[in-house]
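Could you walk me through this protein model, from its overall make-up down to a few individual residues? A short guided tour in plain paragraphs would suit me well.

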Amino acid sequence: MDQPHSMDQYWQQLRDMGFTEDAIALYKQQMEQAIEHNNDWSAQMNMFAENIKQFNQMFSGDDADVNDMDEEPLQVVLNPNTRLDIAQQWAVACGADIAFVNRQYLNDITTGLDKHDCREQLSEWWDIDSTEELQEMIAWLQDSGHRIEYDIIWQAINTVSMKESKAFLREYIATNELEEAVVMERLRNTRDALELFREKKLIDKDLQPDMLIWDFGRIINLSRAGYDAGYITYDQALEYIMWGISLIRRTYTSWRHLSISYQFARCVWNGIEMGSFETLHNNMEYLLVAPDSPWKVLSFSNTQQLS
């Protein structure tokens, strides 16, 4: 396929996804600027694809590039010297979806990574380079995070038609001064995720995803990385981690319910990437049965165990 035709198809795909002409014009301008500095077409397209990926992840606060995982055997990593009690280990395990991807300890405040790596990851994935930026991000996740926006998108999904959904969202966008292209992208992602998760029989009328863990799980993992990075103390990290645990326990019925909700939210905010989806799904199935996994060892619903 020739280059101009290929790009025309891409612009049309963006229109079909609900992107405005202004947003598309901005993409074109960015691409033209990149081309001015690079005459190699292959390199140009790789750069453009990466820009689109970054746009899809914009403001998601994603914790890892799941596609970067290699083919090493799945393995639960535990710190034999953890100081955490059972209830605190349970809280850390609520962030296991991404901690497991990153091969971090699943039973401790420390991730097992060194200070340099944690600072680098916080900077690259979250644009966090100081104590103040870390605390501001955690405060935002505690206060509203992405779950508020999802509630609005969910209301739009439950309107009669896509046209009415978009009209509902545009009113919300105008009121809150949001980027229309981003919100419309997430509306499309939500519809796609619902179709995929129903097809895979991961959700049904009795098991619906809830976005709470997308925000609260990231608070847990941010707090751990922030401690290892030297931005907050051990006690501060533990306080952040335990902050939302009672609400997590009231919201979810099982480790599976919690994990499916995290995976669903990731699809809403980053789009469906089948490699990432399959990795997270396979990891969930492993963590639910591995003998040394916190999700196997620690009962989700046994309140006496957590007292």
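What follows starts with the whole chain and then moves on to single helices, loops and charged pairs.

Let's begin with the broad view. This is a predicted model, and its mean pLDDT is 82, with 70% of the residues reaching 70 or more. One stretch asks for care: over residues 48-59 the pLDDT stays under 50, and for this stretch the model has 22 contacts beyond four places in sequence. Where pLDDT is low, the predicted coordinates should not be read in detail.

In secondary structure, the protein has 16 helices and zero strands. It is 307 residues long, and 49% of them count as buried. Looking at contacts between residues at least 6 apart in sequence, 75% join residues at least 24 apart. The accessible surface comes to about 15,400 Å², and carbon and sulfur atoms account for 48% of that area.

Now for the interior. The largest nonpolar core has 75 residues, and the members that touch the most others are Cys94, Phe197, Ile248, Phe264 and Trp295. Trp295 is a good one to click on. Leaving out residues up to four places away in sequence, Trp295 touches Ala93, Ala96, Asp97, Trp255, Leu258, Ser259, Met284, Leu287 and Leu288.

Several of those partners lead us to helix α15. This helix covers residues 274-289, and its 16 residues should span 22 Å at 1.5 Å a residue; the end C-alpha atoms are 23 Å apart, so the expected and modelled lengths agree. Its buried residues are Ser276, Phe277, Thr279, Leu280, His281, Asn283, Met284, Leu287 and Leu288. What do these buried residues of α15 pack against? They pack against α5 (96-101), α10 (180-199), α14 (255-270) and α16 (294-297).

Just past that helix, Asp292 sits in the loop between α15 and α16. With a relative accessible area of 36%, Asp292 is partly exposed. Asp292 and Leu78 are 214 residues apart in sequence, yet their C-alpha atoms are 8.5 Å apart in space. Leu78 is also among the residues that Asp292 touches, together with Val76 and Val297, when residues up to four places away in sequence are not counted.

Another residue worth a visit is Gln89, which belongs to helix α4 (residues 86-93). Is Gln89 buried or exposed? Its relative accessibility is 17%, so Gln89 counts as buried. Beyond its neighbours within four places in sequence, Gln89 is in contact with Thr82, Leu84, Leu106, Asn107 and Leu298.

If you like checking backbone angles, two loop residues deserve a look. Most residues other than glycine have a negative phi. Arg103, however, has a positive phi of about 55 degrees although it is not a glycine. Arg103 lies in the loop between α5 and α6 (115-126), and a relative accessible area of 34% makes it partly exposed. Asp127 is also not a glycine, and its phi is positive at about 60 degrees. The loop that holds Asp127 runs between α6 and α7 (131-143), and Asp127 is exposed, with a relative accessible area of 58%.

We can finish with the charged side chains. A search of the whole structure finds seven salt bridges. In one of them, the side chains of Arg147 and Asp215 meet with an N to O distance of 2.9 Å. This pair links distant parts of the chain, with Arg147 in helix α8 (residues 147-157), Asp215 in helix α11 (residues 212-229), and their positions 68 residues apart in sequence. Both partners count as buried: Arg147 has a relative accessibility of 13%, and Asp215 has 0%.

A second salt bridge stays within one helix. Arg188 pairs with Asp192, and their closest N and O atoms are 2.8 Å apart. Both lie in helix α10, four residues apart, or about one turn of the helix. Arg188 is partly exposed at 26% relative accessible area, and Asp192 is likewise partly exposed at 26%.

The last pair is Lys205 and Asp206, whose salt bridge has its closest N and O atoms 3.3 Å apart. Lys205 counts as exposed at 74% relative accessibility, and Asp206 is exposed too, at 64%. Elsewhere, salt bridges that share partners join Arg147, Asp215 and Arg218 into one network.

Terms used. Residues are numbered from 1 along each chain as its sequence is written. This is a predicted model: local features need pLDDT of at least 70, side-chain atom pairs count only at pLDDT 80 or more; totals for chains, interfaces and linings use all residues. Side-chain values use heavy atoms; hydrogens and water are left out. The expected span of a helix is 1.5 Å times one less than its number of residues. Buried means under 20% relative accessible area, exposed over 50%, partly exposed in between (1.4 Å probe, protein chains only). Contact means heavy atoms within 4.5 Å. pLDDT is the predictor's confidence in each residue, from 0 to 100. A nonpolar core is a set of buried Ala, Val, Leu, Ile, Met, Phe, Trp, Tyr and Cys residues joined through side-chain atoms within 4.5 Å. Accessible areas come from the Shrake-Rupley method with a 1.4 Å probe; for residues, only the protein chains shown count as cover. A salt bridge is a side-chain nitrogen of Lys or Arg within 4 Å of a carboxyl oxygen of Asp or Glu.
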